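User: I would like to go through this model by question and answer. Please keep the replies short and end each one on the value or name I ask for.

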Amino acid sequence: MLLLFHFLFLFLFLSFLSFLLHPAPHSLVGLDISVNLIRDEGANAIIESLVHTPNQPISWLNLSENSLSDFSAPNIASLIRMSANLTHLDISRNDFQNDGIRLLADELALCSNLRHLNLSNVQLDSNVVEHFTLRLGQNTSLQTLDMYGCMIGDVGGTSMCRALATNTTLLKLDLGANRICARGFEFIADGIRVRKGEGKGGGEGGGGGYDKERVTVLQMNTTLKVLKLWGNKFQGECERMIAALFVNDTLIEVELSGCELNPDQIRTAEDLVRKNRNADLVKSQGQVDIWKVLRQRDALLEENKQLKDKVEKLSKKPDSAFPMFTTSQAEEKEVVEEEPEPWWSLKSLGHLPPWLSSQTQDLPETLTGVK
């Protein structure tokens with residue numbers, strides 16, 4: 001009786017969804033049916049309705065925690081391929097196996113519309129992880145990928161490193177609680193640090209030596225902004241990650257909590273990320289770089305101070321240091337004005353009054369001194 005009631009409820013629920021989808025296909029933008037235990041039959045019915053509805057505008061679909069298996073994977077792949085508006089897909093906490101993940105990964109490599117994919121808490125073995133990350137590197141649309149709790153291990157960390165090296169669109173990656181150890185952690189750090197062709201043959205720059213075969217295939221990731229590695233067991237130093245963050249100028253958030261790392265180095269990594277975050281905030285808001293302005297102001301103040309000190313030192317020097325402005329002792333004495341010569345003297349004949357100058361015109365030049 002209970003089982004019959006369950007199937008009756010499922011039938012009514014699916015009928016309601018079909019009624020919701022078909023009469024008004026242009027009004028449904030998002031559909032969240034998570035944690036409903038609809039299983040493969042219910043998911044296939046819903047997805048078929050979405051796929052066969054012309055011009056379906058649905059942009060996000062949440063099928064999380066519905067006990068889905070590989071039987072619903074082909075329909076989900078068809079939805080990704082045929083729905084031009086689907087940008088958000090959540091299929092986390094389901095029971096997909098290797099074949100279903102491979103099918104979804106192949107479709108992921110070809111799709112050009114999906115922006116956000118949540119695959120968290122779906123158990124992936126090593127072979128599936130390598131295939132999935134290979135297709136992820138070929139994807140040109142995905143921006144957010146949640147894979148926490150997938151238990152990918154060090155093999156997954158190594159494969160994810162190669163995906164980061166070739167992917168040019170991913171902005172956020174969550175790999176928390178994946179049992180990644182020190183080896184995989186180092187590979188992930190190299191995925192956001194090493195430029196193509198850099199350090200062949202191994203090197204010691206910033207984080208210890210690394211394998212030649214690893215370096216020759218990597219280039220620095222220039223798009224990833226958020227990297228979450230919480231809850232993994234790195235159990236050691238994070239020097240390689242610090243070296244990666246030192247040259248990386250795009251990451252604005254790195255979460256390393258619960259990874260059994262050196263607290264001082266975690267704080268150093270957070271400081272390096274904060275530097276990028278402040279620069280990204282200034283750039284995104286179109287604001288003036290206040291730190292650059294303050295540095296310029298301090299430089300001008302220091303320059304003015306030095307100039308002022310130089311002027312004060314010069315003003316305190318003796319007068320001999322300024323010959324153009326000095327006055328000799330003879331010139332400092334009071335100058336006594338000489339009395340003019342009397343009008344009858346020979347020196348002043350040239351300056352005679354007008355009434356007398358006419359009488360001296362006939363005098364010889366030797367007496368008057370006037371030519």
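User: How many aromatic pairs does a search of the whole structure find?
Analyst: This is a predicted model, and local features are taken where pLDDT is at least 70. With the whole structure searched, the number of aromatic pairs is two.

User: Tyrosine 148 and tryptophan 230 form an aromatic pair; is it stacked, edge-to-face or tilted?
Analyst: The ring centres are 6.1 Å apart and the planes meet at 45°. Planes under 30 degrees apart would count as stacked and over 60 as edge-to-face. The angle of 45° therefore makes the pair of tyrosine 148 and tryptophan 230 tilted.

User: How many residues apart in sequence are the parts that this pair of tyrosine 148 and tryptophan 230 ties together?
Analyst: Tyrosine 148 sits in the loop between β5 (144-146) and α6 (153-166). Tryptophan 230 sits in the loop between β7 (226-228) and α9 (239-247). Since the two loops are distinct stretches of the chain, the pair ties together parts whose separation in residues is 82.

User: Is tryptophan 230 buried, partly exposed or exposed?
Analyst: Its partner tyrosine 148 has a relative accessible area of 22% and is partly exposed. For tryptophan 230 the relative accessibility is 26%. Buried requires under 20% and exposed over 50%, so tryptophan 230 is partly exposed.

User: Phenylalanine 185 and phenylalanine 234 form an aromatic pair; what is its centre-to-centre distance?
Analyst: The planes of phenylalanine 185 and phenylalanine 234 are 20° apart, and the pair is stacked. The pair links distant parts of the chain, with phenylalanine 185 in helix α7 (residues 182-191) and phenylalanine 234 in the loop between β7 and α9, 49 residues apart. Both residues are buried. Centre to centre, the distance is 3.9 Å.

User: Which helix gives the largest share of the lining of the largest cavity?
Analyst: The structure holds one cavity of 30 Å³ or more, and the space in the largest cavity is about 70 Å³. Its lining includes Ile101, Leu104 and Leu108, and the lining residues divide into ten nonpolar, no polar and no charged. The largest share, three residues, comes from helix α4 (residues 98-110).

User: Which element supplies the largest share of the largest nonpolar core?
Analyst: This core has 68 residues, and Ile76 and Leu124 touch the most other members. Several helices each supply at least two residues of the core, among them α2 (39-51), α3 (73-82) and α10 (263-285). The largest share, five residues, comes from α3.

User: Which residues is isoleucine 76 in contact with, leaving aside its neighbours within four places in sequence?
Analyst: Isoleucine 76 is one of the two residues that touch the most other members of the largest nonpolar core. With the sequence neighbours left aside, its contacts are Ile47, Leu63, Leu68, Leu89, Ile91, Phe96 and Leu104.

User: Is asparagine 221 buried or exposed?
Analyst: Asparagine 221 lies in the loop between α8 (212-215) and β7. Not counting residues up to four places away in sequence, it touches Leu164, Asn167, Gly191, Ile192, Asn248 and Thr250. Its relative accessibility is 2%, and the limit for buried is under 20%, so asparagine 221 counts as buried.

User: What percentage of the contacts in the chain with a separation of 6 or more comes from residues 24 or more positions apart?
Analyst: The chain comes to 14 helices and eight strands, and of its 371 residues 40% count as buried. Among contacts with a separation of 6 or more, the part from residues 24 or more positions apart is 83%.

Conventions:
Residues are numbered from 1 along each chain as its sequence is written. This is a predicted model: local features need pLDDT of at least 70, side-chain atom pairs count only at pLDDT 80 or more; totals for chains, interfaces and linings use all residues. Side-chain values use heavy atoms; hydrogens and water are left out. Rings of Phe, Tyr and Trp (its six-membered ring) pair if their centres lie within 6.5 Å; planes under 30 degrees apart count as stacked, over 60 as edge-to-face and the rest as tilted. Helices (H or I, at least four residues) and strands (E, at least two) are DSSP runs, numbered from the N terminus. Buried means under 20% relative accessible area, exposed over 50%, partly exposed in between (1.4 Å probe, protein chains only). On a 1 Å grid over the protein atoms alone, a cavity is a set of points where a 1.4 Å probe fits but cannot get out, and a pocket is an open set with protein on both sides within 12 Å along at least five of seven lines; lining residues have an atom within 4 Å of a point. Grid points are joined across faces, edges and corners, and a volume is the space filled by probe spheres set on the points. Ala, Val, Leu, Ile, Met, Phe, Trp, Tyr, Cys and Pro count as nonpolar, Asp, Glu, Lys and Arg as charged, and the others, Gly among them, as polar. A nonpolar core is a set of buried Ala, Val, Leu, Ile, Met, Phe, Trp, Tyr and Cys residues joined through side-chain atoms within 4.5 Å. Contact means heavy atoms within 4.5 Å.
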